[in-house]
Amino acid sequence: MITKYLFLNRNENEQEAKPMFTVRNVLPMLLVVLLLCGLSFGATKIVPTEYATIQAALNDTNAIDVIEVQSNATFTGNLVFPPNVSNPNDVNYLTLQAGAGYTPTITVSGADANTKYIAIRSVGTTLKGFTINFSGTAPTVDNNSAIINATGGASTVRDCNIIGPAGTDSFIRGISGVAEISNVEVSQCR
């Protein structure tokens with residue numbers, strides 16, 4: 001009998017009891033609690049614990065996901081954000097970051113024309129905390145290649161060290177199309 005009165009709001013002038021907790025009353029409060037708690041609806045994917053490689057984690061990515069690399073290892077291979085998606089805008093606001101206390105390296109290579117070694121195709125992608133090395137033969141003519149290339153818009157590169165190919169005759173750009181660059185050192189690139 002007591003619980004009946006806890007969840008009912010009775011006005012003195014009304015004969016009928018009305019529920020206190022309705023969707024209209026609770027939904028705004030629930031949204032405020034979620035915002036204050038900073039909850040994200042994306043998942044955190046850990047490399048190499050849950051996924052052996054960064055690209056394997058990217059292959060299983062959904063919007064708002066965070067891929068965290070908890071290793072000082074070197075990962076070899078070019079990356080595509082997001083891969084295997086007909087419309088890259090379906091998988092936006094991804095984050096690829098080094099875990100706290102880790103300094104992972106990504107080694108990219110290839111000399112094909114117009115190569116985007118780390119291709120960011122999704123909107124709002126963040127790349128943070130990596131050393132990115134170029135390995136292999138670099139193009140000696142301008143062929144629109146870039147170590148990091150963003151086409152999705154509103155992308156960020158932070159706290160990275162980008163090292164291009166050795167030699168002064170290389171035509172690889174370090175970063176192109178990125179909206180925000182913060183605390184990034186680029187060397188041996190055009």
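This is a guided tour of a predicted model, moving from a sheet to an aromatic pair and then to the salt bridges.

**The sheet**

Begin by selecting strands β5, β8, β11, β14 and β17, which in that order make up an open sheet of 5 strands with parallel pairing. At the edges you will find β5 (74–76) and β17 (185–187), and because each of these has a single partner strand, one side of each is left without a neighbour in the sheet. If you look across the strands, the twist from one strand to the next averages 15 degrees.

Next, narrow the selection to residues 105–109 and residues 131–135, which are strand β8 and strand β11, and which pair in the parallel sense over 5 bridges. Within this pairing, select Val 108 and look for the residue that stands opposite, which is Phe 134 in β11. Keep Phe 134 highlighted, since the next stop starts from there.

**The aromatic pair**

How many aromatic pairs does a search of the whole structure find? The search finds 1, and to see this pair you should add Tyr 117 to the selection beside Phe 134, where the two rings lie 5.3 Å apart, centre to centre, with 80 degrees between the planes, an arrangement that is edge-to-face. Tyr 117 belongs to strand β9 (residues 116–120) while Phe 134 belongs to strand β11, so that the pair links parts of the chain that are 17 residues apart.

Are these two residues buried or exposed? Tyr 117 has a relative accessibility of 0% and therefore counts as buried, and Phe 134, at 9%, counts as buried as well.

**A network around Lys 45**

Now turn to the salt bridges, of which the structure holds 4. Side chains of opposite charge can pair when their charged atoms come close.

Select Lys 45 together with Asp 60, and you will see a salt bridge in which the closest N and O atoms are 3.5 Å apart. Asp 60 lies in the loop between α3 (54–59) and β4 (66–69), whereas Lys 45 lies in strand β3 (residues 44–47), so this salt bridge ties together parts that are 15 residues apart in sequence. With a surface display switched on, compare the two partners: Asp 60 counts as partly exposed because its relative accessibility is 38%, while Lys 45, with a relative accessible area of 7%, is buried.

Leave Lys 45 selected and add Asp 65, whose side chain meets that of Lys 45 in a salt bridge of 3.6 Å, N to O. Asp 65 sits in the loop between α3 and β4, and this pairing with strand β3 spans 20 residues. Asp 65 counts as buried, at 3% relative accessibility. Show Lys 45, Asp 60 and Asp 65 together, and you have one network, joined by salt bridges that share partners.

**Arg 173 and Asp 142**

For the last stop, select Arg 173 and Asp 142, whose side chains meet in a salt bridge of 3.0 Å, N to O. Arg 173 is in strand β15 (residues 173–176) and Asp 142 in the loop between β11 and β12 (146–150), and the pair links these distant parts of the chain, 31 residues apart. Arg 173 is partly exposed, with a relative accessible area of 26%, and Asp 142, at 45% relative accessibility, also counts as partly exposed.

Definitions and conventions. Residues numbered from 1 in each chain as written. Predicted model: local features only at pLDDT ≥ 70, side-chain atom pairs only at ≥ 80, totals over all residues. Heavy atoms only, no water. Pairing = 2+ DSSP bridges. Helix = DSSP H or I, 4+ residues; strand = E, 2+ residues; numbered from the N terminus. Axes fitted to C-alpha atoms, helices over the stretch in contact; angles between N-to-C directions. Phe/Tyr/Trp six-rings, centres within 6.5 Å; stacked < 30°, edge-to-face > 60°. Buried < 20%, exposed > 50% of the residue type's maximum accessible area, 1.4 Å probe, protein only.
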